[in-house]
Amino acid sequence: MPNLMSHLLPSSVSMPLAGLLAACGTPANPALDSAGAATLARLQQAAESAGALIYQGAVFALPPHGGAPLFHYERRIQAAADTLLATHLTREASGEVVVSEAARFTPDYQLQRFEAAHKHGGYSGSVVVTGGRHLRYTLNRGGEVSSATEDVSDPVVAGPSLHGFILTHWEALAAGQTIRVRMIVLAKKESYAFTIRRAEAGPGRTAFSITPASLLVRLAVDPLRVEFDTTSRHVLRYQGRVPPLQRENGKLKTLDADVAYTQHAANYR
């Protein structure tokens, strides 16, 4: 998910993809607001409160990775009668939870709500999706609250719902159909268009690419790629932009990663 950097793109496309893309930052980023900090603290103490563990991911820098992972993340699910709540927790190598992203969606992965708390970026907030196409954003950046609305014509996805959306449309995508989606960018209070299509993969694997629809965004952001086991449809590997920022020479920078997954549940959800 490569670099979407503010100095490369005009302001209309300069911010990162929440859950997938993150803006370049420095230690001057605002401190996370009290509600966002409380969310991370709660999940630090009791990750199981976010539900059943589905998988864990080891996050390595691209290219190529070696040694210990930079981050670890996990997917947890809470199921209700007609919705699922998926929470992605990202931890530093020390074990500290630094990013939480949660998405509520229907069993066919129609997104209803997205929430995030991002310590590296210094923000938290939510996006409410009504009718599948109307988005209402609330962003708290260091205690300064702002809001916005947006109407879109394509299905809406966020980090915790992306893989499930692909699985829901597996047959069509595997047959060569392309599907256009809007990826939520909470930090910008906007969404961006991406196109999902099947990609080349090795034996026993099925892969999909998720490519920015805008030429300007494609200049800075390489296509994302996710691979599944063809038979079990378990997610095996992801390559692209990830939510946490990487500290380098005293600054926080966007991170393009290679993520290897360990499945803990019989089925993805």
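S34 and Q45 are exposed, on the other side of helix α1 from its buried residues. Those buried residues are G36, L40 and L43. Viewed down the axis of α1, the buried residues fall within an arc of 65°, so they line one face of the helix. A general rule helps here: an α-helix has 3.6 residues a turn, so residues three or four places apart point the same way.

This is a predicted model, and every value in this report is computed from it.

**Helix α1**

Helix α1 covers residues 34-45, which is 12 residues. From its first C-alpha to its last, α1 reaches 16 Å. That is close to the 16 Å expected at 1.5 Å a residue. At the start of α1, D33 plays a part: one of its side-chain oxygens comes to within 3.2 Å of the backbone nitrogen of A35.

What do the buried residues of α1 pack against? They pack against strands β3, β4 (97-105), β5 (111-118) and β6 (123-130).

**The whole chain**

The chain has 269 residues, and 52% of them are buried. Its secondary structure comes to 4 helices and 17 strands. About 11400 Å² of the chain is exposed. Carbon and sulfur atoms supply 50% of that area.

**Salt bridges**

How many salt bridges are there? The count comes to 12. Three of them are set out here.

| Pair | Closest N to O | Elements joined |
|---|---|---|
| E74 and R91 | 3.3 Å | β2 (residues 71-79) and β3 (residues 84-92) |
| R205 and E227 | 2.6 Å | β12 (residues 205-212) and β13 (residues 224-229) |
| R237 and D258 | 2.7 Å | β14 (residues 235-241) and β17 (residues 256-263) |

Take E74 and R91, which form a salt bridge. E74 lies in β2 and R91 in β3, so the pair ties together parts that are 17 residues apart in sequence. Are these two residues buried or exposed? Both E74 and R91 are buried. The pair also belongs to a network of salt bridges that links E74, R76 and R91. Strand β3 has appeared before: the buried residues of α1 pack against it, among other strands.

Next come R205 and E227, whose side chains meet in a salt bridge. R205 lies in β12 and E227 in β13, so this pair ties together parts 22 residues apart in sequence. The two partners sit in unlike surroundings. R205 has 36% relative accessibility, so R205 counts as partly exposed. E227 is buried, with a relative accessible area of 9%.

The salt bridge of R237 and D258 links distant parts of the chain, 21 residues apart. R237 counts as partly exposed, at 31% relative accessibility. D258 is buried, with a relative accessible area of 5%.

**Two residues with positive phi**

Y109 is not a glycine, yet it has a positive phi of about 65°. Y109 is found in the loop between β4 and β5. The buried residues of α1 pack against both of these strands. Is Y109 buried or exposed? Y109 counts as buried because its relative accessibility is 7%, and buried means under 20%.

N249 also has a positive phi, of about 55°, although N249 is not a glycine. Its place is in the loop between β15 (246-248) and β16 (251-253). N249 is exposed, with a relative accessible area of 78%. So Y109 is buried, whereas N249 is exposed.

Conventions:
Residues numbered from 1 in each chain as written. Predicted model: local features only at pLDDT ≥ 70, side-chain atom pairs only at ≥ 80, totals over all residues. Heavy atoms only, no water. Salt bridge = Lys/Arg side-chain N within 4 Å of Asp/Glu carboxyl O. Buried < 20%, exposed > 50% of the residue type's maximum accessible area, 1.4 Å probe, protein only. Expected span 1.5 Å × (residues − 1). Arc of directions from axis to C-beta. Contact = heavy atoms within 4.5 Å. Polar contact = N/O pair within 3.5 Å; in protein donor to acceptor, adjacent residues only side chain to side chain. Areas by Shrake-Rupley, 256 points an atom, 1.4 Å probe, with all protein chains shown as cover.
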